[in-house]
Amino acid sequence: MTASQGVALLGSTGSIGTSTLRVLERHRDRFHPVALTANGNVTALATQVAAWSPSYVGVVSGTPPAGSGWRAGVECLIEAATHPDAQIVLNAVVGAAGLQATLAALAAGKRVALANKETLVVAGPVVMAAATAGHGTLVPVDSEHSAILQCLAGRNPGDIRRLVITASGGPFRTWPAERIAHATVADALNHPTWRMGSKITIDSATLANKALEVIEAHYLFGVPYDRIDVVVHPQSIVHSFVEFTDGSVLAQLGVPSMELPILYALTHPERLPDSGVPRFDPITAGSLAFEPVRHDAFPALGLGIAAGRTGGAAPAVFNAANEEAVAAFLAGRLTFGQVAERIADALEDLAGRPGSTLEELLDADAAARHHVQSRLSC
Ligand code: MG
């Protein structure tokens with residue numbers, strides 16, 4: 001009988017956070033939340049706190065209810081991530097704000113179940129070094145990386161020839177490039193297979209999300225960029241492939257639900273029964289299609305992979321420029337087509353900045369945000 005493990009859940013009111021609480025509900029004998037943090041949704045957080053009674057509660061940008069004892073401000077992420085009763089930190093914070101919490105948790109020797117992909121994109125080498133130094137472990141929550149981790153379990157990393165990351169293609173998979181450039185916010189938020197928060201949904205429409213995932217895979221699995229490919233797979237059933245040196249290819253399949261990769265991130269390399277996810281049936285799934293990426297129609301993907309190859313500050317610049325451009329698109333201040341253009345402009349001016357220390361990477365992040373914001377018309 002394994003003792004119940006404490007989980008610090010950062011970003012508990014978002015899409016991954018609420019899915020995580022559903023997973024914990026099914027496995028109350030194995031896991032219990034000791035800390036919950038939310039960005040600003042105080043009402044939803046209060047409901048979760050009433051249901052789970054965690055010993056630590058934090059809100060980043062909202063006002064805690066009077067007399068609640070909750071912590072307020074961005075420091076709550078680090079306090080929750082280093083909570084002494086948490087063995088596992090599930091980091092589902094959106095954006096680069098999640099980086100410091102990941103670093104603190106790894107330094108404290110925690111298992112970090114990482115749903116904050118910006119962590120590795122902004123500071124991959126720094127994060128991997130922190131994991132080694134602090135004896136923390138990093139386990140991906142993202143469905144593609146969970147698939148690769150599951151295909152690799154128990155295998156020799158030297159046997160990997162190639163990773164093939166699948167992409168749904170998003171809502172504009174079949175649209176002509178001219179039409180994509182003028183897509184509306186409502187068009188872009190209408191993802192065909194996954195229900196997610198608005199930032200990642202826009203990233204899935206531009207394919208910037210897939211660039212972030214390629215960079216993450218590079219750091220998580222130590223595979224060079226020329227051996228990581230992306231293929232469009234509209235059904236989102238095959239979550240990724242690993243090709244081995246003898247030519248054999250393994251894939252991980254399942255219905256599109258984040259609950260399975262969340263559970264696996266908590267239990268890896270073990271598996272628990274009753275994931276709560278509908279069973280996969282190949283007959284019901286029907287035909288599975290695979291298509292090449294239309295790089296001309298989705299330039300953000302190539303920009304992000306090129307930034308990954310450049311290394312140094314470039315991935316941080318890509319990520320920050322993308323975050324700001326997506327926020328501006330959602331606010332009606334940029335067209336869909338301008339999102340990739342503003343990322344390209346920021347990379348051209350800033351990708352060569354120094355980027356080997358955390359301080360330099362955070363400076364590059366700030367410079368890229370300023371670059372995009374200062375060029376928005378008022
Ligand atoms: Mg993904």
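**Pockets, a metal site and a covered helix**

Analyst: Sort the residues lining the largest pocket by class and you get 18 nonpolar, 24 polar and eight charged ones. Keep in mind that this is a predicted model.

User: What makes a residue in that lining count as nonpolar, polar or charged?

Analyst: The residue type decides. Ile16 and Val94 are among the residues closest to the pocket's centre, and Ile and Val both count as nonpolar. Gly197 is also among those closest residues, but Gly goes with the polar group.

User: How much space lies in the largest pocket?

Analyst: About 900 Å³. Its lining has 50 residues, with Ile16, Val94, Ala115, Gly197 and Ile200 closest to the centre.

User: Which element gives the largest share of that lining?

Analyst: Helix H9 (198-206), with five residues. Other elements supply at least two residues each, including helix H1 (15-26), strand E2 (31-38) and strand E10 (238-244).

User: How do you know which domains the lining of the largest pocket draws on?

Analyst: Start from the assignment, which splits the chain into domain 1 (5-140), domain 2 (146-257 + 279-299) and domain 3 (311-378). The lining takes at least three residues from domain 1 and at least three from domain 2.

User: What is the volume of the second largest pocket?

Analyst: About 290 Å³. It's lined by 13 residues, and closest to its centre are Leu138, Leu149, Leu152, Leu220 and Phe221. Strand E7 (137-140), H6 and H10 each give two or more residues, with the largest share, four, coming from E7. By class, that's ten nonpolar, two polar and one charged. Again, domain 1 and domain 2 each provide at least three.

User: On to the metal. Why are certain atoms called donors of the magnesium ion?

Analyst: It's a distance check. The ion is coordinated by Asp142 (OD), Glu144 (OE) and Glu213 (OE) at 2.1 to 2.3 Å. The cut-off for this metal is 2.8 Å, so these oxygens count as donors. Along the sequence, the spacing reads D-x1-E-x68-E. Glutamate 144 belongs to helix H6 (residues 143-152) and glutamate 213 to helix H10 (residues 208-221), 69 residues apart, so this pair links distant parts of the chain.

User: Are those two glutamates, 144 and 213, buried or exposed?

Analyst: Both are buried.

User: Why is glutamate 259 called buried?

Analyst: Just compare the values. Glutamate 259 has a relative accessible area of 9%, and buried means under 20%, so the label fits. This residue is found in helix H11. Setting aside residues up to four places away in sequence, glutamate 259 touches Ser19, Arg22, Val23, Arg26, Ser275 and Val277.

User: What makes helix H11 "mostly covered"?

Analyst: Count its residues: eight of the nine in helix H11 (residues 259-267) are buried. Among them are Pro261, Ile262, Leu263 and Tyr264.

User: How do you know that residues of domain 2 and domain 3 are in contact?

Analyst: Contact requires heavy atoms within 4.5 Å, and 19 residues of domain 2 meet that test with 13 residues of domain 3. The centres of these two domains, taken over C-alpha atoms, are separated by 23 Å.

Technical notes: Residues numbered from 1 in each chain as written. Predicted model: local features only at pLDDT ≥ 70, side-chain atom pairs only at ≥ 80, totals over all residues. Heavy atoms only, no water. Donors = N, O, S within 2.8 Å, 3.2 Å for Na, K, Ca; no water. Buried < 20%, exposed > 50% of the residue type's maximum accessible area, 1.4 Å probe, protein only. 1 Å grid on protein atoms, 1.4 Å probe; cavity = no way out; pocket = protein on both sides within 12 Å on 5 of 7 lines; lining within 4 Å. Points joined across faces, edges and corners; volume = space filled by probe spheres on them. Domains from an automatic or database assignment.
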